[in-house]
Amino acid sequence: MNFDYSDDQKFLKSEARKFLDARATAKVNRAVLDDASKSYDPELWKAVAEMGWLGAAIPEEFGGLGLGHIDLCAIAEELGRVVAPIPFASTVYFFAEAVMLAGSEAQKAELLPKIASGELIGCFATSEGPGAATAASLSTTVLDGSINGVKIPVTDGDIAHKAIVLASEGGKPGLFIVDLATAGKEVLKTLDPSRSAAKLTFSGQPAERLGGVGDGIALMEAVFDRAAVLIAFEQVGGADKCLEMAKEYALGRYAFGRTIAGYQAIKHKLADIYVKNELARSNAYYGAWALNTSAPELPIAASAARIAGCDAFWFAAKENVQTHGGMGFTWAVDAHLYYRRAKQLGLVAGAARSWKERLVSQLERRNAA
Amino acid sequence: MDFNDTAEEAAFRAEARAWLQANAPKLNLTGMPEKEVLKHAKAWQAKKAEARYACITWPEKLGGRGGTPIQQVIFGQEEAKVGAPRGFFDIGLGMCIPTVMAFANDETKARFVSPAVRGEEIWCQLFSEPSAGSDVAGLRTKAVRDGDDWVINGQKVWTSGAHYCDFGIVLVRTDPDVPKHKGLTMFWIDMKDPGVTVKPIHQMSGGSNFNEVYFENVRVNDSQRLGPVGDGWKVALVTLMNERLAVGGATGPNYPELLSLARSTPSGDSSALEDQAFREKLADWYVQAEGLKLTRFRSITALSRGQTPGPEASIGKIVSANQLQAMSSEAMEVLDQYGILSDPELAPLEAGFQQSVMWSAGLRIAGGTDEILKNIIAERVLGLPGDVRVDKDVAFKDMPTGL
């Protein structure tokens, strides 16, 4: 049995923590959060690129480090811990994963080295309004290599150079790579302003298909599976940080003549957070294993990682605010950075509600087989 | 990251599997009376001891194999597959005998360790009392010094296996004039002593898995004392520390059974499995159950790497017991009015869910209540302070009892 990070991965993780503790403090998040004109921190983005993290899972022949996905998971956990204000998920978990999954050799050779170097910010555009996108509901269309339609919201759509867009081509859903230089971009107000989002309007821009005709929904789900696992590690990192914050605050806060960390109401709350965090970590590890080995179990493993990750981070984030009492509701205390990010991460790869349905459908098939 | 054995582990697994196939008894234990099962279990334990599979991590001179914790886990996994009778010796070999080994004199160790390993003698642990459950240090069974002897009077409760055990370790109060933790002492006792009476407890689930044990003028020699007089609490902590890596938690029907039940139960024009509210809950239980299994894999990984497992194993019972109760209740909801039936001839899965809805209520209490387990996670894992102790500096005899 070898179901944990390796020593090398633990070393990578501890180096990542040191780096991010120094470079991605809450102040860095707040600089983006508090300034409506900022969508991300370009300095941190550059530094992360220099560390090679953007290409951690990209093969060496395409300019990456070729470390594999478990190493990327270790980095993701640390990025989640510090609620990093950079388009890492959009570019690495969605865009790069989609290219590695479905791209032609030419597309990989063109795009992956630019991602690894930090030159290319990518995004993944599927949503067109309230509710999850389906083949039947798609109104964005591609005709003769040109795309028309509106995607809303697209995380990092305002800063991305290219998007992978779900659109209908002759009535069949497909994924398309679109350069965003001339696309309409409207920055949107969101719950977590440290991660930006935009409304993208396409009016005849060139669109290059990624993967086969009609494969759009299946590919989107496959990309979501991969992103869900990686995001689950950000969620685990964030949830663990929330538990630490709540613990530290409770220990130092005195009420009724003693530290509130000694009251069972607080102790049991923190124990509940711990239990959820451990379940989320174990499910995330299984997802990492399935992703790294391209196991047929990936859709089920990713669903479980996603459901547990969403549950743990949201629970830890909201109970961290609660443990801080009135202070937790202030802008000055960092608890809300995690509260916001928990919701942001809980929705960007699709709501847990949809993943639960997806999981049970898979279990039904497995159970019938 | 993978789920494979190392080369040495694979070799040990193959060896264990081959030995089990050649030696494990082919038994159908379903419906067999406990006395019969016990007979088979003792024979099986003797066979394992002879082949050095009984206490794998113990030194060879104590009847063990001098093996590693991961070998113990692997043997346990393989043994579970062959359906051999187990469980009778876990408390004795996992908790009582290690306490005897840590605190008894050489003569006592020489007398007891080997027969326990071979399954000839079974041990029980006598700590809990009617007025000392979560607060076990508040126990009232007393031992009074009389020359070279001590005389024990009182009552223990929730003692697993007391009715078939030969010996036990018993925690008693030897000094009521000092605060509660300081007045305790540990002894080993002969369960066949005429002053010991064992009565089964009739549980709300209908069965009787535990006992009350009464002591009436049970005379033990001072040489049966384990550890110094007044040091019983420290000795008890050693006993509890020796609890084995918790591998199980709740057992009973799980999400696959619930899924099948819902699939075969009509609801409106289709089946209960089509109900969206049910599907969401099923997803949550799958994620929890798999999360627990995978958490155990993490602990086993630590053992495989020669490390001590982290505190993550502490979440097992609290999650699984609550989940079993919730899933069993949901199974009844799925069955609608038919859910009230607990007749194995009529209820699906031979009334497995009806049994577990009753049994799970006890699981949330046994071996540490949900509330105590949360305290333990908060204090030992997270490092939060203990509760305010109003009884810490009060002589035991002056403590309020509510009586």
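Visitor: What makes strand β6 (residues 184-187) of chain A a partner of β7(A)?
Guide: The bridges do. Two strands pair if DSSP finds at least two bridges between them. Here 4 bridges join β6(A) to β7(A), so the two strands count as paired. They run antiparallel. In this pairing V187(A) stands opposite A198(A) of β7(A).

Visitor: What kind of model is this?
Guide: It is a predicted model, in which local features need pLDDT of at least 70, side-chain atom pairs count only at pLDDT 80 or more, and totals for chains, interfaces and linings use all residues. Residues are numbered from 1 along each chain as its sequence is written, while chains are lettered from A and ligands numbered from 1 in the order in which they are written.

Visitor: Which other strands pair with β7(A)?
Guide: Strand β3 (residues 146-155) of chain A is one of them, antiparallel to β7 (residues 197-210) over 8 bridges. There, S146(A) has P206(A) as its bridge partner. Strand β5 (residues 172-179) of chain A also runs antiparallel to β7(A), joined by 4 bridges. I177(A) stands opposite E208(A) in β7(A).

Visitor: How many helices and strands does chain A have?
Guide: It has 11 helices and 9 strands. Both are DSSP runs, numbered from the N terminus: helices are H or I with at least four residues, strands are E with at least two.

Visitor: Why is chain A called as compact as a globular protein of its length?
Guide: Set the value against the rule. The globule rule, 2.2 Å times the number of residues to the power 0.38, gives 21 Å for 369 residues. The radius of gyration, taken over C-alpha atoms, is 20 Å, close to that, so the name fits.

Visitor: How much of chain A is buried?
Guide: 58% of its 369 residues count as buried, meaning 20 or more other C-beta atoms, placed from the backbone, lie within 10 Å of the residue's own.

Visitor: How do you know that domain 2 touches domain 3 in chain A?
Guide: Residues are in contact if their C-beta atoms, placed from the backbone, lie within 7 Å. By that test, 13 residues of domain 2 (122-212) are in contact with 12 residues of domain 3 (217-368). The bounds come from an automatic or database domain assignment.

Visitor: What does chain A bring to its contact with chain B?
Guide: Chain A gives 35 residues and chain B gives 38. On the side of chain A, α8(A) gives the most, with 16 residues.

How values were computed
Contact = placed C-beta atoms within 7 Å. Buried ≥ 20, exposed ≤ 12 C-beta atoms within 10 Å, placed from the backbone.
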